[in-house]
Structure formats: structure tokens, C-alpha cells
Amino acid sequence: TKWVYTFGDGQAEGSAADRNLLGGKGANLAEMCNLGLPVPPGLTITTDACVWYYDNGRKMPDGLEAAVTDALVNVGKIAGRAFGDPEKPLLLSVRSGARASMPGMMDTVLNLGLNDETVLAVARDSGDERFAFDSYRRFIQMYADVVMGLDHEVFEEILEDEKARLGHELDTDVSADEWRVIIARYMATIEEELGIPFPQDPHQQLWGAIGAVFASWMNARAITYRQLHDIPASWGTAVNVQAMVFGNLGDQSATGVAFTRNPSTGAKELYGEFLVNAQGEDVVAGIRTPQSITEAARIEAGSDRPSLEKLMPGAFAEFLAICDRLENHYRDMQDLEFTIQAGKLWMLQTRSGKRTAKAALKIAVDMAGEGLISREEAVMRIDPASLDQLLHPTIDPHAARDIIGSGLPASPGAATGEIVFTSEEAVEAAKAGRKVILVRVETSPEDIHGMHAAEGILTSRGGMTSHAAVVARGMGTPCVSGAGGLRIDARNGTLVSLGATLKAGDVITLDGSTGQVLKGAVAMLQPELSGDFGLIMEWADATRRMKVRTNAETPADARAARSFGAEGIGLCRTEHMFFDGDRITAMREMILAGSEGGRRTALAKLLPMQRSDFIELFEIMKGLPVTIRLLDPPLHEFLPKTEEEIAEVAGVIGVSVEKLSQRVDELHEFNPMLGHRGCRLAVSYPEIAEMQARAIFEAAVEAAKSTGAPVVPEIMVPLVGLREELDFVKARIDAVAREVIGEAGVDIAYLVGTMIELPRAAIRAHAIAEVAEFFSFGTNDLTQTTFGISRDDASSFLMTYQQKGIIEQDPFVTLDIDGVGELVRIASDKGRATRPDIKLGICGEHGGDPASVRFCEQIGLDYVSCSPFRVPIARLAAAQAAI
Ligand code: PEP
Ligand code: MG
């Protein structure tokens with residue numbers, strides 16, 4: 001097996017096509033090398049080696065060591081040095097690089113190969129002692145943290161202590177001799193804390209670092225990140241071992257990161273930050289606040305610190321040309337890392353840049369306009385789930401703003417919430433249903449849970465490429481970073497800004513689009529769905545085959561869904577209409593009535609209310625299809641539960657507490673979701689279905705008159721397992737239809753269909769289709785009944801299943817294609833065999849999940865139906881599935 005691929009000096013064994021094997025970073029380093037760009041020579045250990053390592057009890061594969069040693073000889077030749085050589089030592093960077101980028105989640109070691117001897121050679125060689133010892137102390141800090149497991153804070157404490165003693169403000173003020181003293185303290189601390197000395201042997205260092213990178217694939221934050229981004233644990237990571245180039249070699253050296261377009265807005269402008277005399281981690285960690293790369297950005301930021309363009313014009317010009325070249329080569333916005341060593345530019349990474357949803361739309365539309373990509377490619381470029389970000393509100397420009405601070409506009413959108421200072425508090429508060437803003441000096445990958453729980457994120461340190469900024473943009477959570485004027489005291493729970501002192505629990509608002517921090521809650525505006533968004537949706541609509549409907553029962557939801565482009569209602573859950581005010585009382589009277597007559601009396605009160613609901617829905621949908629489902633949940637859901645509630649309700653409807661308690665007891669079921677619900681209610685109490693059918697038909701007559709458009713209601717019977725159940729209910733619906741047609745003197749077209757929510761229904765679909773004119777797959781219940789797991793209780797153990805790798809995705813979120821999906825496929829085929837023009841749709845939560853939508857396209861469903869805010873997601877996902 002070939003475990004190692006080399007690159008350097010204008011040629012590489014791999015290329016961008018080898019992403020799965022070499023990881024994103026390794027594949028792109030190879031590609032840049034092949035393009036003749038300046039890339040420090042190195043080697044990539046394949047992801048296969050990592051997989052082998054985990055399959056074999058965390059052992060390195062045979063032959064790996066020899067291959068690495070060979071490759072390093074070659075790297076040394078190109079670099080004019082040798083690894084472990086005391087005179088001309090080759091120093092290395094060791095960095096992880098998985099197939100999918102996982103920024104900051106795994107480990108990196110820089111300056112590897114330094115020890116008490118080689119550091120002197122580096123000092124001699126470079127003629128810069130300060131640089132040599134600065135590199136050495138960086139290496140010790142990183143290696144001890146990443147490989148030896150010693151918390152980096154102990155080193156920061158020592159460094160802060162020494163700097164204070166010496167009266168230095170910046171790390172760059174520390175002299176070589178002062179670094180020696182600090183390094184001696186570092187070494188002593190390592191021995192003290194760990195009982196072993198810092199390794200001096202470069203080979204031991206190297207294999208320690210490679211092992212640490214492999215091991216970091218399974219660290220807690222990497223596992224969490226993979227779960228959040230659906231990255232399989234089985235992929236493993238590659239390891240890139242590369243000759244070091246030094247951004248900390250004095251004032252003509254620098255390191256930075258850049259995007260070829262603005263990752264926040266999508267504007268076509270080079271966007272990036274750098275630090276003079278620094279190494280890469282200084283930029284990402286947000287320890288020093290970086291400077292703008294271009295003059296234009298510097299001026300816009302109002303900064304008096306010079307841009308790279310001014311400071312190192314030669315290297316800047318070369319970098320600009322490379323940016324253009326890479327963007328054209330990859331035909332996408334790139335995210336780059338570079339280092340300038342004594343005036344010479346080196347490229348350390350390129351990859352497709354992460355961007356906000358807004359930027360993604362603008363870049364896709366612009367690139368289509370520039371002829372760089374086609375419209376279909378533009379549609380494919382947008383992650384459907386990310387559209388959610390655009391549906392977030394922004395601050396009303398006319399609202400009064402009580403500004404208490406400002407920072408960088410790190411992730412757009414506005415958010416209001418109570419201040420919390422730790423991720424744990426954020427998680428707890430969110431569980432309790434409170435909206436919070438996570439306020440931190442800076443964030444680290446350990447904060448990922450808190451960042452997820454928060455409505456918004458505020459940090460006082462770090463740039464646009466800091467951890468907080470990158471992660472927040474990825475999640476679509478508004479974020480203001482680097483608000484340097486804020487004084488955050490997490491221990492005492494205070495935030496001091498512009499003289500005001502805020503405490504944990506106080507409400508603030510973040511404007512992630514301007515970087516402002518505002519006191520209190522501020523009026524917001526709903527999102528604008530035109531512009532680039534509208535254009536991409538137009539292109540998507542032109543390509544998709546499936547229709548997209550919405551699950552809605554309230555007029556507000558139905559209107560929102562229409563504005564998001566819904567083409568009808570795929571599921572109106574009528575039970576939701578029975579909870580308001582008087583309705584619930586009438587409903588309870590119906591449930592408590594001892595006879596059919598009593599029930600009919602109570603139902604007569606509900607009829608006009610249902611009718612007016614349906615009229616409104618039909619009017620909003622103006623002739624688009626509307627699927628209305630008959631009552632589904634078990635009746636006990638409408639009854640009071642606690643003793644106090646029972647007493648109160650008994651008073652309102654005028655029955656005795658005993659009678660009500662008795663009925664509550666009678667309706668109690670051990671497994672209500674498998675109990676007296678769905679069409680079983682209609683079989684027991686046909687008068688309920690009859691009332692609902694009458695309300696639907698009368699509303700159809702009314703709405704056809706008021707809108708001038710014909711309404712063709714689709715009446716849907718839930719939880720059918722037997723064809724005979726549907727026969728029974730359909731007969732009642734048809735009878736009511738005849739009555740209403742007779743009374744109104746107009747004809748009413750309508751469809752009667754069923755949900756497919758039980759395995760039996762799927763298997764008997766050919767028989768059911770003799771009666772049903774449409775099927776709607778209720779994949780929430782179908783998942784529940786196929787797996788035999790409760791949709792209400794499963795999340796606790798499904799999480800464990802995911803953590804233990806038994807399932808990759810929650811089947812209630814993404815359709816289990818192999819099992820539940822197979823039933824959907826069988827039912828579709830059987831349904832069509834009986835009734836070729838049968839209408840097929842899906843209305844479970846999966847209807848708004850892009851991966852599930854793709855499956856629906858494959859098996860040829862006619863439409864998907866999802867909650868209003870997911871309608872744009874489904875439209876785009878349906879288009880992508882059709883391309
Ligand atoms: C379903 O079961 O998938 C469905 C849409 O119905 P409900 O979620 O109301 O049970
Ligand atoms: Mg259901």
C-alpha cells in the first residue's frame with residue numbers, strides 16, 4: 001500500500017482529484033504544486049493510513065515509517081536541509097487535513113524538529129537569535145499541549161508573568177535571551193507536571209505529532225463537529241508534513257489568511273487579514289488583532305495600521321495574481337493561507353471558502369454572470385439548508401439604537417437575548433426555552449455546544465477569521481467579534497462597555513451585519529426574498545420537477561408559506577384548529593357526550609368554526625391544491641390532565657368532576673400513538689369525519705365564489721392500515737359530498753386519499769389505491785412504526801446510537817432510505833400499478849430535508865410538503881435533485 005504522497009518543487013504525486021485519499025488540504029497542496037505555485041515541499045500521509053490505524057487498535061501501518069523517512073529525505077533535498085541534522089536542520093509543520101474541512105477541530109504542530117541543539121543552528125543560520133528562540137518556544141507550547149496533553153494555559157501564564165516582569169506588551173518585544181529564560185521555565189514546568197522531559201529527538205517528536213493528529217480525529221470536539229456536519233467517522237484524516245516557512249522571521253515576514261471574495265457579503269474583492277512577524281496560529285487564535293491585506297479594506301475599516309499592499313507591495317502583487325489564478329482554476333471562491341518569509345511568498349493552503357448564505361447567493365449569481373459557471377452550477381452551489389439564515393430577521397433601520405459597543409460584523413443577521421458568559425449556561429438556558437447571547441472574550445472549539453444553543457455570539461477579541469466568526473457563519477448565527485471596547489468579566493458576570501455595566505441575564509441585541517452591540521431588544525424586519533435569492537430560486541424553479549407544498553393550518557403560516565413560494569398545502573392538521581378558545585370546550589363536550597346524538601350537537605358548534613378556517617385557507621391558496629387531513633390524535637389529548645385542570649374544565653362545561661375524571665381514565669392508553677387514533681376514530685365516531693367533510697365542502701363552495709377560482713379539496717384519511725378502513729370512511733365522505741352538492745346546487749370536485757404511515761399500508765398499497773386517489777407519505781409515523789421506536793422519546797437513545805456509530809443520521813430527520821424509504825418505494829410502485837395517475841407526496845418532516853428530498857425525486861413523487869420556513873430549502877433541494 002502506498003501510504004505517503006510527496007509534493008514539492010513544482011511536482012506532486014497527487015492532485016485535487018485525490019481529496020478522499022489525501023484530505024482537502026493535502027490534495028490542494030498537491031494541486032497548487034502542480035500549478036507551479038510556491039508551496040513548501042512536503043508529504044501527505046493518506047486517510048487510508050488513519051483508517052488502518054483505527055482498525056488495528058491505534059497502531060501505525062507497517063511500511064509507513066520507512067515511507068515517511070524516504071519522503072523526508074526528498075523534502076530536505078528540495079529545502080537544502082536535513083531532518084534531525086544538527087547543522088542544517090529541516091523544521092516541519094505537521095497538520096491534519098480531512099476530506100471535509102473541519103476548521104480548528106483537529107491538531108497541528110509547527111516548528112517541529114527544534115531542540116536545544118538545532119535551535120542554535122537555526123539562530124546561526126538565520127542570523128536571528130530572537131527568531132530561533134521564538135520558534136522554539138512556540139514549538140514547545142504547541143507540542144506539549146497537542147502531543148503531551150499539557151494545557152496551554154500554563155505556558156500563557158508563564159509568558160504573561162515574564163512579560164509583566166520585563167515590562168513588555170507584545171510577544172514580539174521579547175528578546176532572544178528573555179526567550180531562553182522563558183523556555184527554561186517551560187521545560188521545568190513540563191517535567192514537573194508530567195514527570196517526563198520534553199523530547200529532544202526529532203524523530204520521536206515527529207511520530208508523537210503524527211500520532212496526535214490521528215488521535216485528534218476522535219477527540220470530543222471533532223466528534224461533535226462531525227455530528228453537526230454529517231461527516232462519517234469512517235473517513236479518517238490525512239496528515240500533512242511540510243517544510244516550515246517562517247512568518248516570524250522579522251519585519252519583512254508575515255502570515256495571513258484571505259478569501260478571494262468577501263465571505264460575509266460575497267462582494268468581489270480580496271478580503272483578508274495578516275500579521276507581521278508572526279506564525280499562522282496567531283491570526284486564527286485572535287491573540288493579536290490582524291491588519292487588512294488591501295488598502296481599500298484598511299481605509300474602509302478606518303485603521304491606521306498599514307495594509308500588506310503598502311507594506312510589502314511585491315509579495316502582495318504576487319499574491320493577488322495567485323488568488324485570481326486559483327479562483328479561475330477551481331471556479332469557486334477560495335480561502336487561502338500564506339506566509340511571507342523574508343519577502344518571499346509561500347502558499348500553505350487553498351480550499352473552497354466557507355461563506356454566509358447571503359455571500360453564497362451573490363457569489364453564485366455573480367459567477368454565473370461572469371461566465372465562470374453555468375446557472376445549473378450556480379443552483380448546485382447553494383447549500384439548501386443554509387437558506388435558513390436568509391430567512392432570519394434584521395434590525396429595523398428606523399428603530400432607535402442604544403449602542404453600547406461595536407466589533408466586527410462577523411456573521412450577519414440580528415439576534416436578541418439575555419447575556420450568558422459560559423457555554424454551559426447557554427445550553428441550560430436554551431433548554432429552558434430562554435433566548436441567550438453568548439458573550440466570551442474569545443471562543444474555542446470547546447464552546448461549540450454553547451454557540452449552537454445561543455441566538456447570537458459576542459466576543460471581545462479576534463478578527464473575521466477567528467474561531468467565533470468562522471463557526472458562527474457556518475451555523476448562520478449572528479456574531480459580533482473583536483469588540484475590543486468591551487470588558488468582559490465572566491467570573492463576576494459583568495460586561496462593561498462605554499461606562500455601562502451589564503450583568504448576566506440583561507438583554508442585548510447584536511447586529512451581526514454592522515457589528516453593533518445594542519442595549520435591550522430592538523425592532524426587527526423580516527427578510528427580503530428578492531435579489532440574488534429571488535434569482536437563484538427562479539433558476540431552481542425552472543429546473544425542478546417536483547412541486548413543493550407546505551404543512552400549514554393557520555392563516556399566518558399559510559401566508560408565510562405562500563410568500564416563500566409554496567404551491568399549495570400538503571398537510572393541514574385539523575386537530576390544531578380545535579385548541580383555540582371556545583373550540584376546545586365544544587371539542588370536550590363532544591368527547592364527553594354519551595351518545596351519537598350528544599356528539600352531533602357538540603359537533604354542530606364546531607362546524608362553522610372549521611368551515612371559516614377552511615374558507616380562509618382556500619382563499620389564501622387561491623385555487624392551489626389544499627390537502628386537509630381528518631382528525632388524527634387520540635381524543636385524550638384534548639382533555640385536561642392534572643386534578644386542578646380537571647376541576648376547572650368540569651366547571652366550564654358543566655359536568656361533574658367525577659364524570660370528567662372517569663372519562664379521562666377511560667381514554668387513557670398505554671401506547672396512545674398505537675392506539676385509538678387516525679382513521680380508527682372515524683370508524684368509531686363517523687359523525688366527526690362527517691362534520692369535517694361537510695365543513696370542507698361548504699368552504700369549497702364559498703371560496704370558489706369569493707375567489708372566482710375552483711377549489712379542489714383533497715381529503716386525507718390518516719393512519720390507514722386496511723383498505724376496508726378507507727372504504728368505510730370514504731363512503732361517509734362521499735355521502736356528505738352528495739348532500740352538500742344537493743344543497744348548494746353546484747358540483748364539487750374533490751379527491752379522497754390516504755396517508756401511508758403504517759408498514760401494512762405500504763405493503764397493501766395496490767389494494768388501498770383502488771380506493772385512494774392519492775397517497776401522502778407520513779414518514780414521521782412511518783419511521784416510528786417501521787422501526788418500532790417512539791418519535792417522542794427516541795432522541796435520547798438515538799444520540800447514543802449516533803455517537804456509537806450505529807446510525808449515521810437521526811431517521812426522524814433524514815429519511816432512512818434503506819428501510820423506511822424502501823417501504824415508500826414499494827408503496828409508490830404498487831399504488832401506481834393500480835392507479836397510474838395516483839398523486840404521490842410526502843408530508844412528514846423529511847419533506848424539508850434535502851437528502852430526503854433527493855430520494856423523493858429519485859422515486860418520482862409528485863410533491864414534497866414541509867413547514868413554511870423550509871419551503872425555499874425544499875424548492876432548492878428539489879432542483880438540485882433534478883439536475
Ligand atoms: C407523519 O406521520 O409523518 C405526519 C405528517 O403526520 P403527523 O406528524 O401529524 O403524525
Ligand atoms: Mg402521522
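Reader: Which residues does UniProt give for the feature "domain: Pyruvate phosphate dikinase AMP/ATP-binding"?

Author: Good place to begin! The feature comes from an unreviewed UniProt entry, while the structure here is a predicted model. The record places the feature in separate stretches of the chain, namely residues 20-55, 59-295 and 318-367.

Reader: How far apart are the end C-alpha atoms over residues 318-367?

Author: Let's take residues 20-55 as a warm-up: that stretch is 67% helix and 11% strand, with end C-alpha atoms 18 Å apart. Residues 318-367 are 48% helix and 34% strand. For residues 318-367, the end C-alpha atoms are separated by 23 Å.

Reader: What distance lies between the C-alpha centres of domain 1 and domain 2?

Author: The protein chain is divided into domain 1 (254-355), domain 2 (393-525) and domain 3 (544-634 + 669-882). Taking the C-alpha centres of domain 1 and domain 2, the distance is 26 Å.

Reader: Which element gives the most to the shell around ligand 1?

Author: Start with the residues surrounding ligand 1: L571, R573, D632, E757, G778, T779, N780, D781, C843 and G844. Two elements give two or more residues to this shell, β26 (569-573) and α30 (779-787). With three residues, the top contributor is α30.

Reader: How many charged residues does the shell around ligand 1 have?

Author: Sort the shell around ligand 1 by class, and two residues are nonpolar and four are polar. Among the residues surrounding the ligand are R573, D632, E757 and D781. The count of charged residues is four.

Reader: In the sheet with the order β19-β20-β21, which are the edge strands?

Author: Strands of a sheet pair through backbone hydrogen bonds, either parallel or antiparallel. This sheet is open, has three strands and shows antiparallel pairing, with a twist that averages 15 degrees from one strand to the next. An edge strand here pairs on one side only, and that description fits β19 (487-489) and β21 (500-503).

Reader: Which residue of β21 stands opposite V496?

Author: Strand β20 covers residues 494-497 and pairs with β21 in the antiparallel sense over four bridges. Opposite V496, in β21, stands T501.

Reader: Is I806 buried or exposed?

Author: First find I806 in the loop between α31 (795-803) and α32 (820-834). Its C-alpha atom is 48 Å from that of G485, which is 321 residues away along the chain. A residue with 12 or fewer C-beta neighbours within 10 Å counts as exposed. Because I806 has 10 such neighbours inside 10 Å, I806 is exposed.

Methods:
Residues are numbered from 1 along each chain as its sequence is written. Chains are lettered from A and ligands numbered from 1 in the order in which they are written. This is a predicted model: local features need pLDDT of at least 70, side-chain atom pairs count only at pLDDT 80 or more; totals for chains, interfaces and linings use all residues. A residue is near a molecule or strand if its C-beta atom, placed from the backbone, lies within 6 Å of it. Ala, Val, Leu, Ile, Met, Phe, Trp, Tyr, Cys and Pro count as nonpolar, Asp, Glu, Lys and Arg as charged, and the others, Gly among them, as polar. Two strands pair if DSSP finds at least two bridges between them. Axes are lines fitted to C-alpha atoms, for helices over the stretch in contact, and angles run from 0 to 180 degrees between N-to-C directions. A residue is buried if 20 or more other C-beta atoms lie within 10 Å of its own, exposed if 12 or fewer, and partly exposed in between; C-beta atoms are placed from the backbone. UniProt positions are given in the numbering used here, feature names are shortened, and annotations may be inferred rather than shown by experiment. Domain bounds come from an automatic or database domain assignment.
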